[in-house]
Amino acid sequence: QVQLVESGGGLVQAGGSLRLSCAASVRTFSSYAMAWFRPAPGKERDFVARISSRGANTYYADSVKGRFTISRDNAKNTVYLQMDSLKPEDTAVYYCAADDVRTVAVVYDYWGQGTQVTVSS
């Protein structure tokens, strides 16, 4: 069982920055690829960014590419989402999720409770 707890959300003005954290309570954190999601019109959870289990590879949605950076510290069982040049349309609850890379399919079996990000114009 993996428990994920997000933090770092808040209210920021457009153009500002926030860093989200997601702490995982699991012994084998390095066996999980991690990702961030947020709701979008017509989608409960829309992909934002993903990082491989060892941190070598990262992937981003086009809407955040060049503005957001996902990273991880496996010694601290934590994944981060650095969000720069924030826009009002980035306002959402942000969820982190874990995908066990020891299984073949990409399936996010574990989710955090979410952290609210609000960007004012």
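# Strands, core and salt bridges around Arg67

Arg67 has a relative accessibility of 11% and so counts as buried, the cut-off for that class being under 20%. This value, like those that follow, comes from a predicted model. Arg67 sits in the loop between strand 6 and strand 7. Two polar contacts of its side chain can be named. The side chain of Arg67 reaches the backbone oxygen of Ser63 at 2.9 Å, and it makes a polar contact of 2.7 Å with the side chain of Asp90. Not counting residues up to four places away in sequence, Arg67 touches Gln82, Met83, Asp84, Ser85, Leu86, Lys87 and Asp90.

The pair of Arg67 and Asp90 is also a salt bridge, with 2.7 Å from N to O. It links distant parts of the chain: Asp90 belongs to the loop between strand 8 and strand 9, Arg67 to the loop between strand 6 and strand 7, and 23 residues separate the two. Both partners are buried. Arg38 joins Arg67 and Asp90 in a network of salt bridges.

The whole structure holds six salt bridges. One of them is formed by the side chains of Arg50 and Asp99, at 3.0 Å from N to O. Arg50 is in strand 5 and Asp99 in strand 9, so this pair ties together parts that are 49 residues apart in sequence. Arg50 is buried, with a relative accessible area of 15%, and Asp99 is buried as well, with 2%. Another salt bridge joins Lys65 and Asp62, whose closest N and O atoms are 3.1 Å apart. Here Asp62 has a relative accessibility of 68% and therefore counts as exposed.

From the loop of Arg67 the chain continues into strand 7, which covers residues 68–73. Its side chains alternate: Phe68, Ile70 and Arg72 point to one face and are buried, whereas Thr69, Ser71 and Asp73 point to the other face and are not buried. In a regular strand, side chains alternate between the two faces of the sheet. Strand 7 pairs with strand 8 in the antiparallel sense over six bridges, and within this pairing Arg72 stands opposite Val79. The two strands form a hairpin with four residues between them, where Asn77 takes a positive phi near 55°.

Strands 7 and 8 belong to an open sheet of four strands, in the order 1-3-8-7, with antiparallel pairing. Strand 1 (3–7) and strand 7 are the edge strands, each pairing on one side only. Neighbouring strands of this sheet are turned by 15° against each other on average, direction ignored. At the other end of the order, strand 1 is joined to strand 3 (residues 18–25) by five bridges, and Val5 stands opposite Ala23.

Ser17 lies in the loop between strand 2 (10–13) and strand 3. With a relative accessible area of 40%, Ser17 is partly exposed. Its side chain makes a polar contact of 2.7 Å with the side chain of Asp84. Apart from neighbours within four places in sequence, Ser17 is in contact with Val12, Gln82, Met83, Asp84, Ser85 and Leu86. Asp46, 29 residues from Ser17 in sequence, is 21 Å from it in space, C-alpha to C-alpha.

Another set of pairings involves strands 4, 5 and 6. Strand 4 (residues 32–40) and strand 5 (residues 43–51) run antiparallel and share six bridges, with Ala40 opposite Lys43. Their hairpin has two residues between the strands, and Gly42 in the turn has a positive phi of about 85°. Strand 5 also pairs with strand 6 (residues 58–60), again in the antiparallel sense, over three bridges; Ile51 has Thr58 as its bridge partner. Six residues lie between the strands of this second hairpin, in which Gly55 takes a positive phi near 90°.

The last element to describe is the nonpolar interior. In soluble globular proteins, nonpolar side chains tend to be buried together. The largest nonpolar core here has 29 residues, and those with the most contacts inside it are Met34, Trp36, Leu81, Met83 and Tyr94. At least two residues of this core come from each of strands 3, 4, 5, 7, 8 (78–83), 9 (92–100) and 11 (115–120). Beyond residues up to four places away in sequence, Tyr94 touches Glu6, Leu20, Trp36, Phe37, Arg38, Val48, Phe68, Leu81, Met83, Gly114, Thr115 and Val117. Of these, Arg38 is a member of the salt-bridge network with Arg67 and Asp90.

Definitions and conventions. Residues numbered from 1 in each chain as written. Predicted model: local features only at pLDDT ≥ 70, side-chain atom pairs only at ≥ 80, totals over all residues. Heavy atoms only, no water. Pairing = 2+ DSSP bridges. Axes fitted to C-alpha atoms, helices over the stretch in contact; angles between N-to-C directions. Buried < 20%, exposed > 50% of the residue type's maximum accessible area, 1.4 Å probe, protein only. Contact = heavy atoms within 4.5 Å. Polar contact = N/O pair within 3.5 Å; in protein donor to acceptor, adjacent residues only side chain to side chain. Core = buried A, V, L, I, M, F, W, Y, C linked by side-chain atoms within 4.5 Å. Salt bridge = Lys/Arg side-chain N within 4 Å of Asp/Glu carboxyl O.
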